[in-house]
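Open the model in your viewer and keep the sequence panel beside it. This tour tells you what to select at each stop and what you will find there.

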Amino acid sequence: FNWNEVDTYPTFTNCETLSEKEERKICFQNTLIGSVNHYLEAQNLVVSNDVNDTIILKIKIDRMGFLEVESINMHPETVQEIPKIDSLLRQSLKGIPKIYPAIKRNQQVTTAFELPVIVRIN
């Protein structure tokens with residue numbers, strides 16, 4: 001998916017006041033990443049070896065604003081240290097605010113994108 005192909009990115013209420021398309025995109029991504037980070041921090045994860053990984057979440061937001069995680073790509077070492085990381089990441093996105101879908105030519109459209117999540121645990 002090419003972000004430039006839509007007139008309006010998916011958004012949250014807290015991003016609605018921003019007028020620039022790029023600002024809204026950044027606000028949307030930061031809100032998602034913030035939700036994931038906040039959830040993971042609350043889990044008090046304990047590891048035997050340090051974890052330093054950028055996990056790529058492939059996400060789809062349908063035209064109704066429903067978010068679906070299509071895939072999660074991470075290093076095998078991350079899974080070894082945090083066996084439940086997949087389910088934790090999926091759970092972290094359950095508490096996000098209502099998403100307003102992307103708009104193209106005044107129609108709500110499905111969008112897909114990658115969300116990088118940096119995980120560092122010492």
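How many helical turns separate Asp86 and Arg90 in helix 3? Select both and look along the helix. They are 4 residues apart, which puts about one helical turn between them. Residues three or four places apart on an α-helix point the same way, because there are 3.6 residues a turn. Now check the side chains. Asp86 and Arg90 form a salt bridge, with the closest N and O atoms 2.7 Å apart. Asp86 is partly exposed, at 30% relative accessible area. Arg90 is partly exposed too, at 31%.

**Confidence**

Colour by pLDDT before going further. This is a predicted model. The mean pLDDT of the protein is 91, and 97% of its residues reach 70 or more. Among the elements, strand 2 has the highest mean, 96. Strand 5 has the lowest, 91.

**Helix 1**

Select residues 21-42. That is helix 1, with 22 residues. Put a distance label between its end C-alpha atoms: they are 32 Å apart. At 1.5 Å a residue the helix should span 32 Å, so the two values agree.

Next, pick out the buried residues of helix 1. They are Arg24, Lys25, Cys27, Phe28, Thr31, Leu32, Ser35, Val36 and Leu40. What lies over them? The cover includes strand 1 (51-61), strand 2 (67-73), helix 3 (85-92) and strand 5 (111-121). Show those elements together with the helix.

Step just past the end of helix 1. Asn44 has a positive phi there, of about 45°.

**The aromatic cluster**

Go back to Phe28 and add Phe12 and Phe113. These residues form one aromatic cluster. The structure holds 2 aromatic pairs. Phe12 and Phe28 are stacked, 4.9 Å centre to centre and with 20° between the planes. Their pair links distant parts of the chain: Phe12 is in the segment before helix 1, Phe28 is in helix 1, and they are 16 residues apart. Both are buried.

Turn to the other pair. Phe28 and Phe113 meet edge-to-face, at 5.7 Å centre to centre and 70° between the planes. Phe28 belongs to helix 1 and Phe113 to strand 5, so this pair ties together parts that are 85 residues apart in sequence. Is Phe113 buried or exposed? Phe113 is buried, with a relative accessible area of 7%. For Phe28 the value is 1%.

Now select Thr11, in the segment before helix 1. Thr11 is buried, with a relative accessible area of 2%. Leaving out residues up to four places away in sequence, Thr11 touches Glu16, Phe28, Lys98, Ile99 and Tyr100.

**Strand 1 and its partners**

Move to strand 1 and show its side chains. In a regular strand, side chains alternate between the two faces of the sheet. The covered face of strand 1 carries Val51, Asp53, Ile55, Leu57, Ile59 and Ile61. The uncovered face carries Asn52, Thr54, Ile56, Lys58 and Lys60.

Add strand 5. Strand 1 and strand 5 pair in the antiparallel sense over 11 bridges. To see the register, find Thr54, which stands opposite Ile118 in strand 5.

Then add strand 2. Strand 1 and strand 2 are also antiparallel, over 6 bridges. They form a hairpin with 5 residues between them. Gly65 sits in the turn, with a positive phi of about 90°.

**Salt bridges on the strands**

The count for the structure is 3 salt bridges. You have already visited Asp86 and Arg90.

Where does Lys60 find its partner? Lys60 stands opposite Glu68 in strand 2. Glu68 and Lys60 form a salt bridge, the closest N and O atoms being 3.8 Å apart. Glu68 is partly exposed at 35% relative accessibility, and Lys60 is partly exposed at 26%.

Finish at Glu114 and Lys58. They form a salt bridge, with the closest N and O atoms 3.4 Å apart. Glu114 lies in strand 5 and Lys58 in strand 1, so the pair ties together parts that are 56 residues apart in sequence. Glu114 counts as partly exposed at 45% relative accessibility. Lys58, at 31%, counts as partly exposed as well.

Note on methods
Residues numbered from 1 in each chain as written. Predicted model: local features only at pLDDT ≥ 70, side-chain atom pairs only at ≥ 80, totals over all residues. Heavy atoms only, no water. Helix = DSSP H or I, 4+ residues; strand = E, 2+ residues; numbered from the N terminus. Expected span 1.5 Å × (residues − 1). Buried < 20%, exposed > 50% of the residue type's maximum accessible area, 1.4 Å probe, protein only. Contact = heavy atoms within 4.5 Å. pLDDT = per-residue confidence, 0-100. Salt bridge = Lys/Arg side-chain N within 4 Å of Asp/Glu carboxyl O. Pairing = 2+ DSSP bridges. Phe/Tyr/Trp six-rings, centres within 6.5 Å; stacked < 30°, edge-to-face > 60°.
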